[in-house]
Amino acid sequence: METTFTPTPVYAGEFRHAIDPKGRVTVPSKWRRAESEDLYVIPDQQNQYLIIMPPEEFKAIGQKIEKADMEEGRKRIFLRNFYSQAQPTTVDRQGRMLLPEDYCARVGLLQDVVLAGGLVRFEIWNPERWQKTIEEKQNVYCEVADSIGL
């Protein structure tokens with residue numbers, strides 16, 4: 001039987017969308033790879049935004065931590081916290097993804113949101129918090145860009 005491999009999209013760009021009354025947000029068409037697909041939603045560790053990742057990246061986090069050179073107890077604590085906070089979600093045929101209501105409240109997502117690409121994952125931000133973060137961290141971006149010759 002032939003299996004079809006659909007590569008993970010590169011999550012690049014910034015998109016502004018609104019959360020609909022049912023708690024769904026539209027994923028940009030360039031970021032979708034199938035009629036319906038599974039993703040994972042996790043609040044970042046400081047509750048500033050939501051991290052969205054496909055299953056491959058979600059599993060890779062566990063593999064990275066298992067290979068990391070650190071004490072086993074610390075690995076278990078991280079894995080327990082990270083994976084217990086993750087909520088599976090699905091992008092439906094219309095490209096909408098349901099966001100957990102409690103996670104939206106935790107990170108301050110009301111109606112309008114920013115979807116920000118991050119290569120193998122993307123983030124969903126409150127627009128005001130996104131703008132403030134971009135402005136505050138511009139110097140870090142410039143330093144790293146210079147260091148890699150961009």
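**Exercise 1. The second largest pocket**

Work out which elements each supply at least two residues of the lining of the second largest pocket, and which one gives the largest share.

*Solution.* Start with the elements: in this predicted model, β3, β4 and α2 (72–85) each put at least two residues into that lining. Next, pick the top contributor: α2 gives the largest share, with four residues. Now get the volume, which comes out at about 280 Å³ for the second largest pocket. Of its 15 lining residues, the closest to the centre are Pro 43, Asp 44, Gln 45, Phe 78 and Phe 82. Finally, sort the lining by class: eight nonpolar, four polar and three charged residues.

**Exercise 2. The largest pocket**

Now do the same for the largest pocket: find its volume, its central residues and the elements behind its lining.

*Solution.* The volume is about 400 Å³. There are 14 lining residues, and Gly 117, Trp 130, Ile 134, Lys 137 and Tyr 141 sit closest to the centre. Moving on to elements, β7, β8, α4 (127–136) and α5 (138–147) each supply at least two lining residues. Of the elements, α5 has the largest share, namely four residues. By class you should get eight nonpolar, four polar and two charged residues.

**Exercise 3. Strand partners of β7**

Find out how β7 pairs with β1 and with β8, then name a facing residue for each pair.

*Solution.* Take β1 (residues 14–18) to begin with: five bridges join β1 to β7, and the two run antiparallel. In that pair, His 17 stands opposite Val 113 of β7. Then take β8: β7 and β8 are also antiparallel, over four bridges. Here Val 114 has Trp 125 in β8 as its bridge partner. One last step: β7 and β8 make a hairpin, with four residues between them.

**Exercise 4. Two positive phi angles**

Locate Asn 47 and Leu 119, then decide for each: buried, partly exposed or exposed?

*Solution.* Asn 47 belongs to the loop between β3 (37–43) and β4 (50–53). Phi of Asn 47 is near 55 degrees, positive even though the residue isn't glycine. Its relative accessibility is 27%, so Asn 47 is partly exposed.

Leu 119 falls in the loop between β7 (112–117) and β8 (122–125), in the turn of the hairpin from Exercise 3. Leu 119 isn't a glycine either, yet its phi is positive, at about 75 degrees. Exposed means over 50%, and Leu 119 has a relative accessible area of 54%, so Leu 119 is exposed.

Conventions: Residues are numbered from 1 along each chain as its sequence is written. This is a predicted model: local features need pLDDT of at least 70, side-chain atom pairs count only at pLDDT 80 or more; totals for chains, interfaces and linings use all residues. Side-chain values use heavy atoms; hydrogens and water are left out. Buried means under 20% relative accessible area, exposed over 50%, partly exposed in between (1.4 Å probe, protein chains only). Two strands pair if DSSP finds at least two bridges between them. On a 1 Å grid over the protein atoms alone, a cavity is a set of points where a 1.4 Å probe fits but cannot get out, and a pocket is an open set with protein on both sides within 12 Å along at least five of seven lines; lining residues have an atom within 4 Å of a point. Grid points are joined across faces, edges and corners, and a volume is the space filled by probe spheres set on the points. Ala, Val, Leu, Ile, Met, Phe, Trp, Tyr, Cys and Pro count as nonpolar, Asp, Glu, Lys and Arg as charged, and the others, Gly among them, as polar.
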